[in-house]
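Colleague: Could you take a close look at the charged part of the surface for me? I'd like the cut-offs spelled out as you go.

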Amino acid sequence: MKHSTFVAILLFLASAVGALTAAWLYIRRREKELDEYEQLLFSEDFDEEPASADEPAPAPEAEPAEPLTEDAAE
């Protein structure tokens, strides 16, 4: 095996190890961020579920209508 071939194979392996290490570090960092978001999402501080956009907002209760009297009709 030529010396240049051995160096090329060694550099290829080193770059592959570097790429795998960078991917592992990236995935580990993203997992930590996702864990933080999940903790915020499912924490007890935010137990109440907000109303979804599909559900209409509850209508305020209307006051009962008063019967018309002669004074109000005039």
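Modeller: Sure, patches first: they are made of residues with over 30% relative accessible area and no salt bridge, where like charges are joined within 9 Å and nonpolar side chains (Val, Leu, Ile, Met, Phe, Trp, Tyr) within 5 Å. Lys and Arg count as positive, Asp and Glu as negative, with His and the chain ends not counted. Each charge is placed at NZ of Lys, CZ of Arg, CG of Asp or CD of Glu. Accessible areas come from Shrake-Rupley with a 1.4 Å probe, and for residues only the protein chains shown count as cover.

Keep in mind that this is a predicted model: local features need pLDDT of at least 70, side-chain atom pairs count only at pLDDT 80 or more, and totals for chains, interfaces and linings use all residues. Residues are numbered from 1 along each chain as its sequence is written, and side-chain values use heavy atoms, leaving out hydrogens and water.

On that footing, Glu31, Asp35, Glu36 and Glu38 form a negatively charged surface patch. Glu31 sits in helix 1 (helices are DSSP runs of H or I, at least four residues, numbered from the N terminus). Glu31 is partly exposed at 42% relative accessible area, that is, between buried (under 20%) and exposed (over 50%), with a 1.4 Å probe and protein chains only.

Then there's Glu33, which pairs with Arg30 in a salt bridge, closest N and O atoms 2.8 Å apart; the term means a side-chain nitrogen of Lys or Arg within 4 Å of a carboxyl oxygen of Asp or Glu. The structure holds 1 salt bridge. Both partners lie in helix 1 (residues 3-41), 3 residues apart, about one turn of the helix. Glu33 is partly exposed at 25%, and Arg30 is partly exposed at 33%.

Definitions and conventions:
Helices (H or I, at least four residues) and strands (E, at least two) are DSSP runs, numbered from the N terminus.
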